[in-house]
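Colleague: Please take a close look at the salt bridges in this model. Which side chains are paired, and how exposed are they?

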Amino acid sequence: MDPVDEFARLKAEIRRLQDRADALRDGFLKPGARLRSNRYEITVKRQKRRMFNKDRLPQAVLADPRYWEERESEVVTCRALTSTLTGSKAEDIVLIE
């Protein structure tokens, strides 16, 4: 299989699997959900974490370039070629590292 085709196939499969995992997670969060099988047990707990809210900083601090830095990263995108579309709009697949 061509590496480009394999990458696109894998990204689509990952998206499908993540959608399924999200749906299962939503079910586990419902009261009375079954959380145990013969092989696995789901644990649901509430966690707290501290978050920094930069929007509450004064505008003078936000506008000061001394507090900002630029970073670069490689972005790999993948899109279906128009000749391979089957009537539906193609979705771009993006990988950011």
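**Salt bridges**

Modeller: R71 and E69 form a salt bridge, with their closest N and O atoms 2.6 Å apart. The term stands for a side-chain nitrogen of Lys or Arg within 4 Å of a carboxyl oxygen of Asp or Glu. Both R71 and E69 are exposed, where exposed means over 50% relative accessible area, buried under 20%, and partly exposed in between (1.4 Å probe, protein chains only).

This is a predicted model, in which local features need pLDDT of at least 70 and side-chain atom pairs count only at pLDDT 80 or more, while totals for chains, interfaces and linings use all residues. Residues are numbered from 1 along each chain as its sequence is written, and side-chain values use heavy atoms, with hydrogens and water left out.

Searching the whole structure gives four salt bridges, including the R71 pair just described. Another joins R66 to D64, again with 2.6 Å between the closest N and O atoms. Here R66 is exposed at 66% relative accessible area, whereas D64 is buried at 16%.

A further salt bridge links the side chains of E13 and R16, at 2.7 Å from N to O. These two residues lie three apart in helix α1 (residues 3-28), so about one helical turn separates E13 from R16. Helices are DSSP runs of H or I with at least four residues, numbered from the N terminus. E13 is partly exposed, with 32% relative accessible area, and R16 is also partly exposed, at 46%. In general, side chains of opposite charge can pair when their charged atoms come close.
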